[in-house]
Amino acid sequence: MSFLTPLAFLSLLVVGPLIVAMYLLKLRREEQRVSSTFLWQRMVRDVEANAPWQRLRRNWLLFLQLLLLLLLAIALARPFFLTTGISGRNLIIIIDRSASMAATDVPPSRLEAARRQAQTLVDQLPEGGRATIIAIGGQMEVLAASTTDRRQMYDAIRSVTLNVGGRGDLSQALALAAALAAREPDSEVAIISDGNVEVPADIRVPATVRYFPVGQRTENVAISAMAMQPGLAGQTLFVQATSYGSAPVSRRLNLYLDGALFNAYDLNFGPDGAADAVQTVIVDIPAQVRVAEARLSPAPDGDFLPSDDRAWAVSAAGAGVEVRIVGPGNRFLETALALLPGITATKTTTTTVSDDAAPQITIFDRVVPDALPTGNLLFIAPMRSTAFFSVTGIVDFPLLRPAPIVIEGQAPPLLRNVSVSEVNVLRAMRLETGIWARTLVEGDGSPMLLAGEREGRRIVVLAFALQDSDLPLQIAFPLLISNIIGYLAPGSGLEASQIAPGQPLVVAVDPAVTAVRVVRPDGRVDTAPIQGGQAIYADADALGPYLIEQVRDNQVFGQRHFAINLFMPEESRIAPANELSVPQVSGLQQAVTREQVGRQEVWRWLAAAAILIVVIEWLVYQRSSLAYVRQRFRLALTARRRST
């Protein structure tokens, strides 16, 4: 044990003798005559007791007052114990709330353990210390900003809830932490996570970064893929399960069709990385099935992430997406769209479009109309500027490469399984865009492929014509078109009706539709707003099947199913990381772990004990009065009983 202000013990040398002296000094009394010598002995005792500087007699009040002084002196000295924690006055806490934090290897969950660790760090803050609470996992949130109010800190920590909408990404959180630490001296950054996070390589934090790992076990089996495809005589259901543990394991897979048990399969998995770590079930099912569910039975030897033990697939029958191609004609594009299930493509050469008949997706191939239709848009080699972007010239022989933000992190959905480094382009349009667009592929300083949302709809721009490149001759072309269609019309393309957690549900609606209802997996019914010829439901945060109903005159005339699953291997692989590589200005490359620098102060407990001693002293001093009051109360109670 150490003390922050040891000079407080000097109060014992000053106040302690004064308290003792008060009991040693003689009390002056008036002389009184007595009528009997029987009282002489008591008078002698009183004289001895009031004689100064006599030997101290046992006195409870003196003992309690000295004990009170001792407790107050120790509390003022601020004793503390060194613990694993922080020592700065400006603390920035980053709490991971991604899907892997739902693992139960640390009861009741890793997220709850992370909240407890964050509260411990707040307790270690010195008086007047500041704290910023940041939650990562999906969209980053700042729950408390540079506050000294401990109640606000605790409320912010308790408000952190699980978010399965995305992986824990430290890029924005560390950028904010670096900015806060640069302004505040004596700052520290605390990362509380299981280590399944993305760490940026281009940020150097001007403060000490400490990593507090959460998690112990690795065992987990997840349903990693599931799809339902229409066939000639019915439908085909595909289910894939993967083991991410370090030992072989056996699990039972139960299949349910529209809520009824269909079949069960015993699966034997090898350890993570082995060839038999992935097991697949392919089965034919009736054509009328709309929702299929796969469940992994509980594991007797442990499966510590239950959220990926269930998955759903929905039928895409009757849920096609209309795509209109505006341009002089493009056989490459028409062929790629024909390969996608549920896509109905129409062609037109006129640029005059009607909003009443606007489909969900409109593709402008080397043409730009005067007035843009509603719905989501794909521009290919736009020849002139629009309200969304400007065409400022031509780029000859651009060398394509993914944008830097794509290289450092995980590939975005539009570039999933797509490589553009081998694509050769003759010429492309030089584009200038606003902040709404995100550049995915660039060439010679100009964006070649960009995407984003503007005015409630999604827009993708490909800067070069397909005929001016060899992209249609490569395997990446149909995959890229599928990814673009899946982005512009979620639930379509090769991954029909499969939506990632946190991604909004977007459905094209008929102009006569008056309302769109969303039936969530828990049975709750919400209303989706209609904008630009499509309904957008952004609160799709729960796993399970969703039903979209289009209503006209209180009658349901169109339905569409969607499924949201946790198909995220980086989250299902729950093995905790012991270290994090976080570059710091001081030269450290690793976040410090398990270092005894935290100060766990105990003065609050001593102050509480001092208050208790004051109460006990008052009770001892007033014991005669309290006995008298108790006796009077008993007499009054006895008298009342007799009177009744």
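This report covers the chain as a whole, two sets of paired strands and one buried helix.

## Overall picture

The model is predicted. The chain has 644 residues, and 45% of them are buried. It contains 12 helices and 35 strands.

Take the contacts with a separation of 6 or more. Residues 24 or more positions apart account for 69% of these. The exposed surface of the chain comes to about 32,900 Å². Carbon and sulfur atoms supply 55% of that area.

## An open sheet of three strands

Strands β10, β11 and β14 form an open sheet, in the order β10-β11-β14. The pairing is antiparallel. The edge strands are β10, residues 221-230, and β14, residues 278-285. Each of these edge strands pairs on one side only. From one strand to the next, the twist averages 15 degrees.

How many bridges join β11 to β14? There are eight, and β11 covers residues 235-243. The two strands run antiparallel. One residue pair to look up is A241 and its bridge partner Q279, which lies in β14.

In a regular strand, side chains alternate between the two faces of the sheet.

## The β15 and β16 pair

Strand β15 spans residues 291-296 and pairs with β16 in the antiparallel sense. Five bridges hold this pairing in the model. A292 has A313 of β16 as its bridge partner.

Is β16 enclosed or open? This strand runs over residues 310-314, and four of its five residues are buried. Burial here means under 20% relative accessible area. Strand β16 is therefore largely enclosed by the rest of the structure.

## Helix α9

Helix α9 takes in residues 476-488, 13 in number. At 1.5 Å a residue, the helix should span 18 Å. The end C-alpha atoms are 18 Å apart, so the model agrees with that expectation.

Which residues of α9 are buried? They are A476, F477, L480, I481, S482, N483, I484, I485, G486, Y487 and L488. That makes 11 of the 13 residues, so α9 is largely enclosed by the rest of the structure.

The cover over these buried residues includes both helix and strand elements. Among them is α7, at 331-338. Strands β18 (343-348), β19 (361-365) and β20 (376-380) also contribute. So do β25 (446-454) and β26 (457-462).

Technical notes
Residues are numbered from 1 along each chain as its sequence is written. This is a predicted model: local features need pLDDT of at least 70, side-chain atom pairs count only at pLDDT 80 or more; totals for chains, interfaces and linings use all residues. Side-chain values use heavy atoms; hydrogens and water are left out. Buried means under 20% relative accessible area, exposed over 50%, partly exposed in between (1.4 Å probe, protein chains only). Two strands pair if DSSP finds at least two bridges between them. Contact means heavy atoms within 4.5 Å. Accessible areas come from the Shrake-Rupley method with a 1.4 Å probe; for residues, only the protein chains shown count as cover. Axes are lines fitted to C-alpha atoms, for helices over the stretch in contact, and angles run from 0 to 180 degrees between N-to-C directions. The expected span of a helix is 1.5 Å times one less than its number of residues.
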